Structures are given as structure tokens and as C-alpha cells.
Amino acid sequence: MPEFFLELFSEEIPARMQAAAAEQLQRIVERAFGSLRPRAGKIWFAPRRIAYRAEIDAALSSDGGTAAIRGPRVGALPAAIEGFLRKHRVTADALEREGEFFVLRPTIGNRPARAIIPEVLPSVVSKLPWPKSMRWGESGDFAWVRPLRRITCLLDGEVVPITIGPVTASDESEGHRFMAPGTFRVTSAAQWESELERRYVVADAAKRRAKIEAGLRAEAASRGLTLVEDAALLDEVAGLVEFPVPLIGRIEPRHMALPPEVRELSMRVNQRYFATRDSSGNPAPYFAFVANIEANDGGATIVAGNERVLRARLADAEHFWNLDRKHSLSDYLPKLKSVTFHARLGTQFDRAERIATLAREIAAALGYDSVADQAERAGRFCKADLVTGMVGEFPELQGIMGGYYADDPAVGAAIRTHYQPKGPSDEVSRGIIPCAVALADKLDTLREFFRIGEKPTGSGDPYALRRAALGVIRIILENRLTLKLNLLLENTELFDFILDRLRVKLRSEGRRFDILNAVFEAAPDDDLLRIMKRADDLGNFLATDNGANLVVAYRRAANILRIEDAKDGPHIGEIEPLSLIADEEIAFRNKLDDIIKSVKIFLSTDQFGAALGELTTLREPVDAFFEHVTVNADDPALRRNRLRLLARLRDVMHQIADFSKLEG
């Protein structure tokens with residue numbers, strides 16, 4: 001099949017934009033080429049180019065046929081009909097009536113692909129959306145992410161003459177800027193990719209990334225080191241180099257005294273360097289990086305230059321480290337009064353005071369009055385590092401630096417992790433004091449924004465309240481904390497919001513949130529740990545044969561009651577012993593009487609699993625009842641009694657969970 005190939009060659013495209021631009025290029029081209037039926041599409045993206053190839057219709061033509069255009073409604077004003085005819089340059093006899101409207105069916109003749117492509121491609125490609133773009137060229141009318149230098153546009157190896165902005169397509173491309181300058185002729189996508197590799201450009205992003213990772217690991221291993229995992233940095237570096245050459249540099253010994261987070265963040269953010277570890281897993285005095293050129297001296301000059309740059313960067317970090325430690329965290333607290341948290345919620349100082357009070361309450365509520373003072377102190381100081389020099393330079397280190405600057409190790413540990421978890425895969429805080437402060441931070445955010453009516457709406461959540469709620473859930477559940485949330489929230493709507501995030505969490509994990517609904521409906525509770533323990537117990541119960549069959553019996557009973565209650569219900573009240581005549585209904589009533597008593601005891605002592613276990617003993621008498629007893633007997637007394645038996649079954653099960661909330 002004929003191959004279409006397009007390469008857009010420009011000045012360096014920011015790494016973060018390349019993948020999305022290539023994917024968008026494929027979408028818009030394939031949408032524009034709809035009649036050519038493109039298939040087997042593939043994209044490439046690299047620092048100076050994005051490219052796309054596909055196989056198109058063998059006939060090199062559009063579909064032909066007709067395309068209906070709906071016109072005015074039948075009976076419309078003559079002016080409306082005349083305007084429609086004038087717009088499409090046809091006469092009235094070209095219109096057909098279809099239902100209540102006139103339609104026009106202009107014939108679209110078969111046209112060669114070589115004629116279609118120049119018509120549709122320039123307009124869609126020139127409008128390729130970029131997060132940021134620049135205007136350039138003599139007219140200044142054309143906007144692109146960076147100046148566009150070349151366009152390669154081929155159909156079966158022959159140039160398709162398109163013009164985008166000030167650039168006209170050809171069959172030429174370029175290799176590495178320094179190692180293989182000059183142009184080469186392109187005949188196909190495969191030849192283009194092969195020739196680029198010969199000219200020191202790895203066009204395939206996945207292949208380039210894999211080469212970087214393997215090369216860095218090999219270089220590190222040759223020195224007895226391991227590379228610190230950093231997938232995001234690998235992705236970014238793969239978008240910065242065309243021909244990756246991995247190298248290793250040394251870190252000055254004095255800079256190893258800096259906190260590893262400081263050193264490694266400076267390396268990563270400022271220089272795109274990778275951190276390393278020694279054989280014991282400790283930070284090693286080496287950094288790994290990727291050059292974009294293969295040097296004649298084996299990279300010695302490049303390594304020396306990067307070591308010099310890093311030395312200056314870490315000297316700056318060292319300055320802030322030494323300067324910040326001249327003061328205690330308490331010295332920084334007054335400065336928080338000049339830092340606004342939110343115009344309607346006061347300053348960071350106000351916020352810290354609220355977090356301190358709440359952290360003390362949480363520690364006490366968890367039964368740890370002995371550490372309440374430390375929890376309060378950690379809460380008060382948890383935002384103090386926001387006004388330090390180091391966090392001013394590296395905002396990503398907030399919380400972490402406060403942990404280093406604290407004079408109490410327990411307080412420092414709580415400050416260091418109080419932002420956690422920042423995402424669904426992030427670790428949660430561990431330990432009573434860290435948990436108390438992390439929960440206080442998130443609960444304060446939720447309470448205050450709900451108080452002023454700033455709640456998430458639809459997909460909008462500017463203050464990350466959903467993330468805060470999920471953090472509360474994870475801290476409580478993963479640390480198995482027994483905590484009455486409503487006492488801390490002071491807002492029932494807010495607890496509903498947290499419970500809804502729990503449902504979303506369960507759904508994302510592939511778990512049944514309807515089980516959670518069934519448990520909560522039967523016994524509303526603000527102890528998330530107890531709610532989830534009951535939901536897990538109910539899930540295990542439903543996974544058994546007895547549980548599954550009992551749910552079937554429950555639904556049968558509930559359906560009968562729904563129908564009969566509509567006639568003359570509700571059918572509740574005492575069961576008349578003299579109206580029990582069948583052995584199966586007598587056995588059923590006796591078992592229900594026993595279970596009602598035991599379930600009440602088990603639920604009052606929080607033995608939810610044991611209460612469910614009692615339900616399993618109903619399996620045989622319930623099955624026998626439905627098999628041998630006619631509920632809607634002709635005798636009104638018998639019917640009434642039997643319906644009350646079913647109501648009693650439903651009600652005792654509802655004490656444990658509202659089984660009507662279960663799906664399926």
C-alpha cells in the first residue's frame with residue numbers, strides 16, 4: 001500500500017511538549033485524511049522533529065458518492081431557501097425533500113490522494129495546538145512552538161508540494177546538528193529512520209529512552225554504583241538529546257554534607273542529573289548525566305564542565321543551608337504572618353495555629369495524650385520552613401527542610417511527612433505524631449474551604465480538596481486508626497464528601513463500593529476503619545455459597561413484601577404462634593428468634609463478622625420455607641403471619657447491612 005510520510009523539522013522543541021504534539025499530529029492528520037482511510041499509523045518525536053507515517057487507500061482516491069447537507073425546513077420563508085441555494089451555488093431543482101427538511105446531495109467525485117493532501121494538510125498542521133508558541137518569519141503571521149526549518153512530505157517516496165507557514169515541503173531532512181551536519185534525501189519512513197541513526201539521531205523516543213537507561217546503568221555499575229530510579233527524569237532527558245552518550249561525574253566531598261534531598265533536587269531540577277547510590281544503598285559522591293555528543297576525549301572535557309557547573313549550584317545550596325540553620329524554627333514563625341494562605345482564610349501563621357490545635361485534638365482522640373504536646377508543636381512549626389532561604393530557592397523541599405531544622409527528632413519526623421500522601425502511589429505518614437499532623441493539615445484545608453463555600457465542582461478542584469480527602473482516607477486506613485471524624489470535621493456535608501472519595505477509591509481499585517453503601521446505610525458511622533472492616537466482612541460473606549444464596553432469598557422476600565405491602569401493608573407486627581402450621585415455617589420462626597437475639601448482642605459489641613456468621617445458619621430454614629410454604633395462602637391469618645416472617649427476615653438482615661443496596 002502507498003506510504004504517506006510527514007516530518008516537521010524545527011529548532012529544539014521543549015521535551016514536555018514533544019509526545020503530546022506527535023500524538024496530536026497523528027489525530028489531526030488521520031481525521032483530515034478520513035477518505036483516504038489511513039492505517040498502521042506511527043509517530044516519532046525527538047528534540048528537533050515530530051514525524052508521522054501511515055499507509056493510505058491503495059486507490060489513492062476519496063470515497064466518492066454523495067454527502068447530504070440539510071437545508072431549511074419545508075415551509076420556511078422563501079428568503080431562507082434562496083439564501084441556502086445561493087450559499088451552495090445550486091438551483092431549486094437540486095433540492096430533495098426528506099421528512100420535514102430539504103436536503104442537498106452534491107456529488108463528490110473520485111479524486112487522487114496527491115490532489116487531496118495539499119488541500120487538507122497545510123491548514124490542519126499549521127493549527128497544531130502548542131501550550132506555547134512563537135511568531136516568526138518575515139510576515140510574523142505564522143505561529144509555531146519554535147522556528148520551523150524543514151518539511152518532508154512524501155507519498156510513495158515522491159514529494160507532495162505542501163507549504164506550511166514560510167516553509168515548503170521537500171524530500172530532505174537533517175541528522176545531528178554537530179556530528180553529521182548537512183542534509184540527506186528521504187525516500188521512505190524506514191529509510192529516514194535508518195539514515196538518521198547513521199547520522200547520530202535516534203528518532204524513536206522509546207528506543208532513545210531505553211538506550212539512555214541502559215547506558216546510565218552500565219556506567220554506574222562500572223564504578224560499583226546504582227542509579228536512583230527516576231522515570232520522569234528519564235522521559236525528560238530522552239526529549240533533550242538526539243544521540244545519548246551517558247557519562248559519570250564526581251561530587252565534591254564537602255557537598256556530600258548537604259541533605260540528600262537538597263543535593264539531588266538541585267541536580268535534578270537545575271541540571272537534569274541522576275543521583276547514584278553506593279553498594280550499601282547510601283548516597284554516592286557521583287552523578288550521572290547524558291551528553292548529546294560523542295566527544296573525542298571520551299567525554300572528559302564534558303564531565304569536567306558539568307562538575308564545575310554542579311559545584312557552583314551546590315555552593316548556592318550550601319549557602320542557604322548554613323544561613324537557615326543560624327535560626328530555630330520558632331524564629332521563622334512570625335514571618336508567616338506576612339504570608340497569605342488565602343484571602344478569606346488568613347495567613348500561614350493563622351493556618352499553623354489551627355493545625356497545631358487540631359493535631360493535639362487528633363492525638364488525644366487516638367488515645368495518645370502523652371504525645372499531644374509534641375503533635376501540637378509539630379503542627380505549629382510545620383509551615384515555618386516556607387520562609388526559609390532553602391525553600392525559597394527550592395519550593396519542592398517544603399516540609400522536608402522543616403524536618404531537618406527542627407530541634408526535636410519526633411517533631412522533625414512529623415514535619416517532614418505532613419504533606420504526604422501527595423498522590424495515590426505516595427507513601428503515607430507513619431507513627432502517631434506524624435499521622436496527627438498530616439491529618440490536621442488535610443482536615444484543616446477541607447474544613448476551611450468548605451466553610452467558605454469553596455467546594456469542588458465537576459472536574460474543577462483548584463484547592464486539591466479531593467486529594468486532601470483521599471489523603472485522610474489513606475492515612476486512617478493504612479495506619480489502622482480508630483477515629484471519629486465528625487467530631488473533627490464540624491460539617492456533615494464534608495463527611496459525605498470524604499465518604500464519596502472512599503467510594504471512588506474503591507471503584508478505582510476494582511472493588512465493590514455497593515458493599516460499602518449497604519453497610520453504611522444500615523449503620524451510619526464516621527469511623528472509616530470500622531466501616532471498611534464491616535465492608536470487608538460483608539464482601540467475604542457474599543463470596544460464600546451461603547452468603548450468595550441468602551442474598552437471593554432476601555431479594556425474593558423483599559420483592560414479595562414490596563408487592564404485598566402495596567396492597568395492604570405494611571406487614572409488620574407480632575407473629576401469631578397458633579397460625580404457624582407447617583413444620584418449615586415453625587423452624588424458620590424459631591431460627592429467626594434465635595438469630596435476632598444473637599445479632600443484637602454481636603452488633604452491640606462490634607462483632608460484625610460474628611453477626612454475619614449467624615445469618616449463615618438461616619440458609620437451610622429459609623430454603624425449606626420457600627420450597628414448601630405458600631406465602632400468599634388463601635387463609636388471611638396464614639398469609640399475614642407468613643408475610644410478617646419475611647418482614648422479620650428482611651429487618652434482621654437490615655440491622656447488619658441494607659442488602660437492597662447491593663448490585664447484581
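Author: Contact here means heavy atoms within 4.5 Å. The model is predicted, so local features need pLDDT of at least 70 and side-chain atom pairs pLDDT 80 or more, while totals for chains, interfaces and linings use all residues. Residues are numbered from 1 along each chain as its sequence is written, and side-chain values use heavy atoms, with hydrogens and water left out.

Reader: How far apart are the end C-alpha atoms of α10?

Author: Helices (DSSP runs of H or I, at least four residues) and strands (E, at least two) are numbered from the N terminus. The helix α10 has 18 residues, and the expected span, 1.5 Å times one less than the number of residues, comes to 26 Å. The model agrees with this expectation, because the end C-alpha atoms of α10 are apart by 25 Å.

Reader: Which residues of α10 are buried?

Author: Buried means under 20% relative accessible area, exposed over 50%, and partly exposed in between, with a 1.4 Å probe and protein chains only. An α-helix has 3.6 residues a turn, so residues three or four places apart point the same way. In α10 the buried residues are Q348, F349, R351, A352, R354, I355, A356, L358, A359, I362 and A363.

Reader: Which elements are among those that cover the buried residues of α10?

Author: Both strands and helices take part in covering the buried residues of α10. The strands include β19 (340-342) and β20 (346-347). Among the helices are α11 (372-381), α15 and α17 (486-489).

Reader: At the start of α10, which residue has a side-chain oxygen that reaches the backbone nitrogen of F349?

Author: The backbone nitrogen of F349 has a side-chain oxygen within 3.2 Å at the start of α10. That oxygen belongs to T347.

Reader: What phi does G367 take?

Author: G367 sits just after α10. The phi of G367 is positive, at about 90 degrees.

Reader: Is E3 buried or exposed?

Author: E3 belongs to strand β1, which runs over residues 3-10. The relative accessibility of E3 is 16%, and therefore E3 counts as buried.

Reader: Which residue has a side chain that a polar contact joins to that of E3?

Author: A polar contact is a pair of N or O atoms within 3.5 Å; within protein, one must be able to donate a hydrogen and the other to accept it, and residues adjacent in sequence count only if both atoms are side-chain atoms. Leaving out residues up to four places away in sequence, E3 touches A54, L154, L155, D156, S188, A189 and R53. The side chain of E3 makes a polar contact of 3.0 Å with that of R53.
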